[in-house]
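Hi,

Here is the structure I promised to pass on. Have a look at it first, and then read on for what turned up.

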Amino acid sequence: VQLQASGGGLVQVGGSLRLSCATSLSIFSIDVMGWYRQIPGKRRDLVAAIFNDGTTNYADSVKGRFTISRDSAKNTVYLQMNSLKPDDTDVYYCYADSHHHMSWGQGTQLTVSS
């Protein structure tokens, strides 16, 4: 699966931003899609995921602020990020898990300035 991520940037505390991840396959052929984030030199942590059946999962730190969704017509998954905090500053990676084969998009930088 090829993934094309976009939407990162610089935003002020309390602001909003939306990340997009377009896939080369139908979303419904993929078991799970989502986003991880990683500070260079540290581990990659799950932010949000959306399963084939539409079920979603979020890290505790983003619950109530981030929303993951999908547009099947565009084969794209979105991560709407609201009420952003400096701790959300990270490189965000889109991923897709298809039959236990993981694919990654390029990282996109989010910087939240105070």
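A quick word on naming before anything else: strands here are DSSP runs of E with at least two residues, numbered from the N terminus. With that in hand, H100 can be placed in the loop between β9 and β10 (101–104). Please keep in mind that this is a predicted model.

Since we've landed on H100, let's stay there a moment. H100 has a positive phi of about 70 degrees although it is not a glycine. Is H100 buried or exposed? H100 is exposed, at a relative accessible area of 78%. S83 is another non-glycine with a positive phi, in this case about 50 degrees. You'll find S83 in the loop between β8 and β9, and its relative accessibility of 41% makes it partly exposed.

Now for the sheet. Four strands make up an open sheet in the order β1-β3-β8-β7, and the pairing is antiparallel. β1 and β7 are at the edges with a single partner strand each, so one side of each has no neighbour in the sheet. On average, neighbouring strands of this sheet are turned by 15 degrees against each other, direction ignored. Inside the sheet, β3 and β8 run antiparallel and are joined by six bridges. If you want a spot to look for that pairing, C21 stands opposite V77 in β8.

C21 is also worth a look for its sulfur. How many disulfides does the structure hold? There is one, formed by C21 and C94, with their sulfur atoms 1.8 Å apart. C21 belongs to strand β3 (residues 17–23) and C94 to strand β9 (residues 90–98), so the pair ties together parts that are 73 residues apart in sequence. The link of C21 and C94 is left-handed, with -75 degrees about the S-S bond. Both cysteines, C21 and C94, are buried.

Next, the hairpins. β4 and β5 pair in the antiparallel sense over six bridges, and M33 has I50 in β5 as its bridge partner. The two strands β4 and β5 form a hairpin with six residues between them, and G41 in the turn has a positive phi of about 90 degrees. β5 also runs antiparallel to strand β6 (residues 56–58), to which three bridges join it. There, the bridge partner of A49 is N57 in β6. The hairpin of β5 and β6 has four residues between the strands, and G54 takes a positive phi near 95 degrees in it.

On to the interior. The largest nonpolar core has 27 residues, and those with the most contacts inside it are M33, W35, L79, M81 and Y92. Which elements give two or more residues to this core? They are β1 (3–6), β3, β4 (32–38), β5 (45–51), β7 (66–71), β8 (76–81), β9 and β11 (108–113). Y92 is a handy place to centre your view: leaving out residues up to four places away in sequence, Y92 touches residues including L19, W35, R37, L79, M81, T108 and L110.

Two of those partners of Y92, R37 and T108, deserve a closer look.

R37 lies in strand β4. Is R37 buried or exposed? R37 has a relative accessible area of 11%, and the limit for buried is under 20%, so R37 counts as buried. A polar contact of 3.3 Å joins the side chains of R37 and S61. Beyond four places in sequence, the contacts of R37 include D45, S61, F66, D87, D88, D90 and Y92.

T108 sits in strand β11 and is buried as well, with a relative accessible area of 10%. What does the side chain of T108 reach at 3.1 Å? That is the backbone nitrogen of G8. Not counting residues up to four places away in sequence, T108 touches S6, G7, G8, L19, W35, D90, V91 and Y92.

If you'd like a route through the model, try the disulfide of C21 and C94, then Y92, which is among the residues with the most contacts inside the core, and then the loop that holds H100.

Cheers

Note on methods:
Residues numbered from 1 in each chain as written. Predicted model: local features only at pLDDT ≥ 70, side-chain atom pairs only at ≥ 80, totals over all residues. Heavy atoms only, no water. Disulfide = S-S within 2.5 Å. Buried < 20%, exposed > 50% of the residue type's maximum accessible area, 1.4 Å probe, protein only. Core = buried A, V, L, I, M, F, W, Y, C linked by side-chain atoms within 4.5 Å. Contact = heavy atoms within 4.5 Å. Pairing = 2+ DSSP bridges. Polar contact = N/O pair within 3.5 Å; in protein donor to acceptor, adjacent residues only side chain to side chain. Axes fitted to C-alpha atoms, helices over the stretch in contact; angles between N-to-C directions.
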